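Trainee: I'm new to this one and would rather see one part properly than all of it in a hurry. Could you pick a helix contact, look at it closely, and then work outwards from there?

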Amino acid sequence: MSVEEDDKKPFLSKKFDKFFTGLANAWSFVSRFFKEVLLPPYEFKEIIHQCYRIGVESLPLISLTGFIVGLVFTNQSRPSLTEFGAASWLPSLISIAVVRAMGPLVTALIAAGKVGSSIGAEIGSMKVTEQIDAMEVSATNPFKFLVVSRVLATTFMIPLLVMYTDFVALMGSFLSVNANEMVSMSTFFVQVFESITFLDIFSSVLKSILFGFTIGIVGCYKGYNSSKGTEGVGQAANSAVVISMFLIFIEELLALQIVNAIRAL
Amino acid sequence: MEEKVVEIKGLKKSFGDLNVLQGVDLDLHKGENLVVLGKSGSGKSVLIKIMVGLLKQDQGSMLVLGKEVSQLKTKELNQLRLKIGFSFQNSALYDSMTVRENMEFPLVRNVKGLSKKEITYKIEELLEAVGLPQSINQMPSELSGGQKKRIGVARTLILNPEIMLYDEPTAGLDPITCMDINSLIHEIRERYNTSSIVITHDLTCAKETGDRQAVLLDGQFKAIGTFDEVFAHAEDQRVKLFYDYNFINI
């Protein structure tokens, strides 16, 4: 279709066209990932490098946030539970909340902001400065080197970060419970592990894998398809965060429905 | 200089309503330095991007080393790409890697079985050839524009290409660095027996590096020949203007 014909289309029609074209492109990008991930050569060195960047370099931020989440959530929940004489249930409440929802969600949202934007900006800038073309003309597959390695790294590392966040959040909660209710660490953690089930942990890990994949693939897709120079790089980083966060909430909602349905069986 | 390494016939390429190349014919002979001149946006870079399969033509044929680029499968295209060195306008060095890693990148992925010693030797040899042996551990951000161009050229040479494509090799550089780059293009041809296409709008670069000049205007080559053939007796007013602007209107 010529540009002139496209200009004559009504506003809504153009928006629909753009939306569905984007959807088709995203689908073909995801399909390409699953095709390329299985085919050699494998960029192990780059995958490990990315795992380090995504995992280790996120630790300070994740630690601080996880700790504060655990501490604040405990302090906020205490008055309500005390009112009903159920303050002793604090460890159970916190463990269920952290393991089932808050740990994965908080970690994924922070990673979407930190890791997703950095992937979008990095690949976007490589795209506009022709570095991706340079890889291609040197007979190297840029998709494998840039996209597959980063998506695998986020998919591997986010679940590990989630487990770490859960632990740090529970430690934050323990400090508060210990200071106010004089509960020992062993009592606290016995209560924590009594409250959570295998399904809680399993669903949390599965969700985290999905969140990790989403953050990686969205960041790479936005970066890989960026244009319009430096402005495009900014847009790629920005939309990588916004879209990842949006998808993470949708996935959380769907996962919740599925897990609840399994629990009801 | 008779054997043709690149044969372009009736090549057409459009972007939307914009017809960039409108039936282009051109040959590159073995061992030759061919300069493609034209104003910005005339499709010079598009031409060499089609040559390495970064873009696909709408019509016409692009034979590189006897192979029709648009017909090649990914594996065959990559085999062909190994024989073509592409020096980008902005050097396109991988900015998260050092100069050594930039040069290692294509080498370790395309040449199997090289020891660390052999890789280092090859890198040092090429850095020596482009006059920057001391830059091996520097990051691209620590290099000047001219140095980046040289490293970019060294990176493409590491796979021993038969054809070199230079996209605006002197753009944005001072006159002295331009002279250095022009000499480097000559040296590379002598030392590595390459055939080259130099894309530029800098007539000094064209005159110094090219055996033949081809002027691309309105999607077609308006003049092809030696520098004197093209510019001394230019019939097309715009070709004449191109010359006048560069050499008289300074």
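Mentor: Sure, let's start where helix 7 of chain A passes helix 9 of chain A in a right-handed crossing. Keep in mind throughout that this is a predicted model. To find the spot, look for residues 142-181, which make up helix 7 of chain A, and residues 198-224, which make up helix 9 of chain A. The axes of these two helices come within 8 Å and cross at roughly 145 degrees. As for what sits in the contact of helix 7 with helix 9 of chain A, there are 16 nonpolar residues, along with six polar and two charged ones.

Now stay on helix 9 of chain A and bring in another partner. Helix 5 of chain A, which covers residues 90-128, packs with helix 9 of chain A at an angle of about 20 degrees, their axes being 7 Å apart. An angle under 35 degrees counts as roughly parallel, so helix 5 of chain A is roughly parallel to helix 9 of chain A. Helix 5 of chain A also passes helix 9 of chain A in a right-handed crossing. The contact of helix 5 with helix 9 of chain A has 14 nonpolar, eight polar and four charged residues.

Helix 9 of chain A turns up again once you look at open space. It is one of three chain A helices that each give at least two residues to the lining of the second largest pocket, along with helix 2 (11-38) and helix 10 (229-264). That pocket has a volume of about 990 Å³. It is lined by 28 residues, and those closest to its centre are G22(A), A26(A), Y221(A), K222(A) and I243(A). Helix 2 of chain A gives the most to this lining, with 10 residues. By class, the lining of the second largest pocket has 14 nonpolar, 10 polar and four charged residues.

It helps to step back and see what chain A is built from. There are 10 helices in chain A and zero strands. The C-alpha atoms of chain A fill a box of roughly 70 × 45 × 35 Å along the principal axes.

Two loops of chain A deserve a closer look. Most residues other than glycine have a negative phi, and most peptide bonds are trans. In the first of our two loops, a cis peptide bond joins P40(A) and P41(A), with omega about 0 degrees. P41(A) is in the loop between helix 2 and helix 3 (44-55) of chain A. In the other loop, E130(A) has a positive phi, near 65 degrees, although E130(A) is not a glycine. E130(A) lies between helix 5 and helix 6 (131-137) of chain A.

Helix 6 of chain A leads us over to chain B. Two cavities of 30 Å³ or more are counted in this model. The largest cavity has a volume of about 130 Å³. Of its 15 lining residues, the closest to the centre are V137(A), S138(A), F86(B), R155(B) and T156(B). Helix 6 of chain A gives two or more residues to this lining, as do strand 6 (84-87) and helix 5 of chain B. Strand 6 of chain B gives the most, with three residues. The lining of the largest cavity has 10 nonpolar, three polar and two charged residues.

From that cavity, follow helix 5 of chain B to its neighbour. Helix 3 (residues 99-110) of chain B and helix 5 (residues 145-157) of chain B pack at about 30 degrees, with their axes 8 Å apart. That angle makes helix 3 of chain B roughly parallel to helix 5 of chain B. V99(B), N102(B), M103(B) and P106(B) of helix 3 of chain B meet I151(B), A154(B) and R155(B) of helix 5 of chain B in this contact. By class, the residues of that contact are five nonpolar, one polar and one charged. So R155(B) is a good residue to remember, because R155(B) has heavy atoms within 4.5 Å in this contact. R155(B) is also among the residues closest to the centre of the largest cavity.

Last stop: the second largest cavity, with about 30 Å³ of space. Among the residues lining it are A129(B), V130(B) and L157(B). Helix 6 (residues 175-192) of chain B gives the largest share of this lining, five residues. The lining of the second largest cavity has six nonpolar, no polar and two charged residues.

Key:
Residues numbered from 1 in each chain as written. Chains lettered and ligands numbered in written order. Predicted model: local features only at pLDDT ≥ 70, side-chain atom pairs only at ≥ 80, totals over all residues. Heavy atoms only, no water. 1 Å grid on protein atoms, 1.4 Å probe; cavity = no way out; pocket = protein on both sides within 12 Å on 5 of 7 lines; lining within 4 Å. Points joined across faces, edges and corners; volume = space filled by probe spheres on them. Helix = DSSP H or I, 4+ residues; strand = E, 2+ residues; numbered from the N terminus. Nonpolar A, V, L, I, M, F, W, Y, C, P; charged D, E, K, R; others polar. Axes fitted to C-alpha atoms, helices over the stretch in contact; angles between N-to-C directions. Left-handed = near helix turned anticlockwise from the far one by under 90°. Parallel < 35°, antiparallel > 145°, perpendicular 65-115°, else oblique.
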